[in-house]
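Hi everyone, thanks for coming along. Please have the structure open in front of you, and let's walk through it together.

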Amino acid sequence: MSTSTNKNSYKGLYWIWAALTVVGILIGLYAPAWLMPRSMSNNMHLTVLTMVVFSVAAAPVAAGVYATALFALRHWAHKGDDVPAPGPQVRENAVVVTTWLVVSTVLTVFLLIWGLGALAVDNGSNGKNPLVVDVTGQQWVWSFSYPGTHVQSNELYLPVNREVEFRVTSVDVTHGFWIANMGIQVDANVGTITTIHTTPDKLGTFNIRCTQFCGLNHAFMVTEGHVLTSQQFTSWLASQPQRA
Amino acid sequence: MTTTLEQTKTAAIPQGGGLARRLNMLTAMVGGGLVAWLFWFLAHHFLDPTSRTYSDEVAVSLTIGWIIGFWLGIGAFIAPLRWVTGRDNTRADDLYLAGQGQGTSRYWKFTTDHKVVGVQYIVMTMVLLGAGGILAMAIRTELIVPGNHFVNQQVYNGFIAVHGMLMILALIVAVAGPWGNFVVPIMCGARDMAFPRLNALSLWTLVGAAALLLTTLAVGSLTMGWVVLEPIADQAGIGMDFFAMAIIVFTVSTTVAGVNIICTVMTMRTKGMSLARLPIFVWGAIIAAALGLYAFPFFSLVEAQTLVDRTFSTSFFVASGGGAGWLQANLFWLMGHPEVYVILLPAVGALFEISSVMARKPVFSYRTAVAAMTGLAGLSILVWAHHMFTTGWAPTLGGPFMLTTELISIPTGLFFLVLIGTLWRGNIWMKLPTIWMFGFIANFIIAGVTGIYLSDIPLDDQLHGTMFVTAHFHYVFVGSVLFGAVSALAFWFPKVTGRFLNEFLGRISFWLVFIGVQVTFLAMFVSGLKGMPRRYSSYAIIFEHSNFITTIGAYIIMAGMLVLLGAVITSWNKGEPAGPNPWHANSLEWMVPTPVPLENFDVLPVITEDPYNYGEELVRS
Ligand code: HEM
Ligand SMILES: [Cu+2]
Ligand SMILES: [Cu+2]
């Protein structure tokens with residue numbers, strides 16, 4: 001016990017841990033909503049919430065590792081240039097290993113249950129007469145059509161508070177259809193239709209960016225989308241040229 | 001027998017060798033060039049130029065010619081040919097091949113001594129990291145401000161593909177290559193690898209593959225990302241053919257190396273070296289090698305299918321012919337996820353080793369460490385579809401793959417337990433290897449936590465395909481694996497050179513890289529969270545600040561890596577002398593003299609305990 005007198009006093013460790021945990025939790029609570037795009041749909045509310053929950057759950061674990069590392073640097077670092085004396089020759093500690101396993105398993109199971117629950121909500125359709133929009137990706141533009149109306153557009157228009165079903169496909173290579181404000185993403189594949197659902201619940205404008213590398217102008221495969229009131233949406237539909 | 005034990009530098013050059021005496025890297029390049037030209041000539045003249053796939057056929061022929069010629073020119077076939085014709089290598093031939101008495105020229109030859117191969121792997125790792133690093137700087141420079149025109153988009157797209165693949169190859173070999181070859185046989189108490197000639201073959205095959213991969217940049221038109229995304233890879237030019245061949249050749253190299261390392265550990269251990277007494281790094285190396293043997297066949301398979309799609313118009317991945325891009329994605333990630341652990345495990349094994357020596361304590365819960373590494377390897381073959389959550393492929397499998405992926409955090413958590421448990425109340429020797437190890441611990445936490453976000457499907461629906469994913473895996477590769485690799489380099493450098501890696505430069509490098517990683521990749525998380533997709537050559541104004549910061553951080557990392565390079569170069573011949581066992585460690589590689597003599601041991605040692613007894617201080621708890 002040459003190096004340090006408070007070698008067996010772990011008070012400092014608890015304090016660092018507590019402080020870092022608080023910092024972690026604060027970041028977890030505020031950073032996602034602050035950094036992520038404005039939430040405009042039920043899916044995105046859930047996405048942000050999940051991010052918060054996972055961050056808060058991870059905070060004490062990450063803080064524990066950081067605190068121990070810092071504590072080790074502070075108290076257990078050998079000073080001087082000589083070879084350090086042997087440390088305590090501990091090889092096993094069944095209690096510690098078991099506790100660690102149990103805690104990490106419990107945490108994982110919690111995250112998993114949360115995830116499966118969120119997944120069920122996320123993918124679900126409320127079944128109430130969704131508005132169907134056909135989405136087609138093509139190097140390097142998006143186009144949208146509204147079955148039953150012959151309307152086709154390069155920007156997306158949606159009514160608020162009504163579920164939308166996107167049926168997504170591509171004519172050339174794979175593209176990624178992503179509405180960052182709504183927390184939904186699915187690939188546009190050639191020869192297949194993939195489907196996703198969401199319910200926009202805020203009015204406003206958002207971006208649609210391609211998330212699947214699709215060649216030369218992938219970075220420019222961007223378009224705008226608009227959430228309108230249902231009257232605005234109906235009159236927008238009516239004002240559009242009817243393409244066959 | 002005694003001649004074999006003399007140090008390589010002083011011993012006389014043996015009589016044997018035959019034709020091999022005239023061959024080296026130069027003849028390999030010339031051979032590769034000539035046969036490539038021959039194959040090109042034949043293909044060019046005899047294939048049908050009106051065929052849609054003509055240029056791809058010619059390109060593939062040329063690359064096959066390159067690698068055959070390269071193997072011929074380095075002398076890879078000499079010994080097998082002699083064996084077939086009944087004139088097996090003599091002892092003198094073998095000694096010549098092992099490089100006895102040949103000074104530094106042996107590093108440029110088909111040399112079988114495992115220590116020479118280890119050093120060659122150090123150099124190859126640095127070459128690959130350097131080339132990939134230059135591309136990274138070009139990519140970040142393009143992205144420093146929105147709408148920059150540092151390189152054109154076509155070139156940029158090629159850069160991201162080749163940068164990615166170069167770095168993957170670099171990290172696959174970064175720890176397992178140098179130290180799996182240099183120290184693992186000595187740690188086991190063996191005189192060389194089980195198959196010394198295969199060892200040289202794996203190294204030179206890697207060189208041939210790296211050359212092909214670098215050529216792709218000159219041939220250009222690589223619109224497919226490092227994952228060779230289909231169907232868009234079908235639109236890429238002949239650079240794609242070189243790219244795929246480079247990967248196929250690389251998998252030959254890793255397979256040969258993996259078999260060799262496993263056989264060495266399984267059959268060449270000295271008396272008393274039971275599996276439970278193996279230094280923990282050996283476990284990391286062989287578990288990674290075994291996982292590679294499972295994973296890399298998918299790699300060559302998927303690239304071969306891409307090639308036959310392009311040359312023979314099969315349509316494995318082309319929708320119009322009944323194929324599917326999803327098939328490509330499945331095969332690629334069947335390889336791709338295990339591969340990330342092929343990369344990680346040797347580094348983790350090395351860090352377990354280093355933490356024990358530096359804290360002067362046994363590895364905490366050795367069995368947990370082995371079980372966690374094995375469990376991780378096992379789990380990692382069952383999680384690949386987490387790279388395909390948003391593709392639309394098999395939505396009903398989302399739940400199961402979410403389950404397996406999140407289970408990964410349990411063995412990953414055990415890594416932290418072992419590392420921290422080993423450091424706990426130790427007398428930690430704060431030398432370069434230790435410092436880089438602490439860097440690993442800090443960064444790997446961030447890598448792991450962000451991995452958990454990505455394994456949750458509702459979150460992945462937001463984060464997939466964005467800079468968030470890019471930042472996640474760079475925290476793993478740069479923040480964790482690279483830190484582990486540098487720690488291992490600093491740790492075993494004295495065994496290779498007899499000198500310490502310069503502590504002062506090494507610390508400057510550490511701080512630059514460590515701070516650089518946080519600046520670069522924390523800002524990259526922000527870009528991703530704000531909604532910036534990855535593989536963008538240009539971006540909207542809202543991503544301006546975070547991208548600028550990322551680019552500055554990348555320059556800081558580059559500066560740190562250059563300082564490290566300077567430290568390696570200056571320390572190699574001029575560093576502070578270290579003696580045979582500078583860290584006062586107990587494993588066998590430290591018991592042999594430095595420089596390590598050819599065939600390592602005068603008399604093979606007999607092992608009576610594991611290498612982790614540092615003293616008798618009693619446990620107080
Ligand atoms: C707790 C541990 C980890 C978990 C749960 C995890 C999870 C994930 C998930 C779900 C993805 C897919 C993200 C997406 O594309 O949407 C991903 C991507 C990736 N991860 Fe991890 N990861 C973990 C650790 C690691 C480690 C240790 C490595 C490397 C040694 C690694 C390397 C990668 C790479 C290379 C990619 C991206 C590949 C690409 O799309 O180009 N991850 N990770
Ligand atoms: Cu795209
Ligand atoms: Cu993965």
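I'll talk about two metal sites, then a few helices, and then one contact between side chains.

Before we start, please keep in mind that this is a predicted model.

Let's begin with ligand 1 and its iron atom. Which protein residue gives a donor to that iron? The only protein donor is B:His472, through its NE2 atom, at 2.2 Å. If you want to find B:His472 on your screen, look in helix α19 of chain B, which covers residues 467-497.

Now zoom out a little, to the residues around ligand 1. There are 23 of them, and the ones that come nearest are B:Val340, B:Asp460, B:His464, B:His472 and B:Arg534. What kinds of residues make up this shell? By class, 13 are nonpolar, eight are polar and two are charged.

Some of the polar atoms are worth a look. An oxygen atom of ligand 1 sits 2.5 Å from an N or O atom in the side chain of B:Asp460. For B:Trp226, there is a distance of 3.1 Å between an N or O atom of the side chain and an oxygen atom of ligand 1. Three elements of chain B give two or more residues to the shell: α13 (325-359), α17 (432-455) and α19. The largest share, six residues, comes from α17(B).

So let's stay with α17(B) for a moment. Is this helix mostly buried or not? Of its 24 residues, 21 are buried, so α17(B) is largely enclosed by the rest of the structure. We can also check its length: at 1.5 Å a residue, the 24 residues should span 34 Å, and the end C-alpha atoms are indeed 34 Å apart.

Next, the second metal. The copper ion, ligand 3, is 4.7 Å from the iron atom of ligand 1. Which residues hold the copper? B:His337 (ND1), B:His386 (NE2) and B:His387 (NE2) coordinate it, at 1.8 to 2.0 Å. Along the sequence, these donor residues follow the spacing H-x48-H-H. Here is something nice to trace on your screen: B:His337 is in helix α13 of chain B, while B:His387 is in the loop between α14 (366-380) and α15 (398-407), and the two are 50 residues apart. B:His337 is buried, with a relative accessible area of 7%. B:His387, at 25%, is partly exposed.

Let's move over to chain A and helix α2, residues 42-76. With 35 residues at 1.5 Å each, α2 of chain A should span 51 Å, and its end C-alpha atoms are 50 Å apart, which agrees. Where does α2(A) bend? There is a bend of about 35° at A:Ala59, and a proline, A:Pro60, follows within four residues. At the start of α2(A), a side-chain oxygen of A:Ser41 reaches to within 3.2 Å of the backbone nitrogen of A:Asn43. And since 25 of the 35 residues are buried, α2(A) is largely enclosed by the rest of the structure.

One last stop, back in chain B. B:Arg310 belongs to helix α12, residues 280-311. Is its side chain's residue buried or exposed? B:Arg310 is buried, with a relative accessible area of 4%. What is its partner there? A polar contact of 2.9 Å joins the side chains of B:Arg310 and B:Asp56.

That's my tour, and I'm happy to take questions.

Conventions
Residues numbered from 1 in each chain as written. Chains lettered and ligands numbered in written order. Predicted model: local features only at pLDDT ≥ 70, side-chain atom pairs only at ≥ 80, totals over all residues. Heavy atoms only, no water. Expected span 1.5 Å × (residues − 1). Bend = angle between axes of the 7 residues up to and from the residue. Buried < 20%, exposed > 50% of the residue type's maximum accessible area, 1.4 Å probe, protein only. Polar contact = N/O pair within 3.5 Å; in protein donor to acceptor, adjacent residues only side chain to side chain. Donors = N, O, S within 2.8 Å, 3.2 Å for Na, K, Ca; no water. Near = heavy atom within 4 Å. Nonpolar A, V, L, I, M, F, W, Y, C, P; charged D, E, K, R; others polar.
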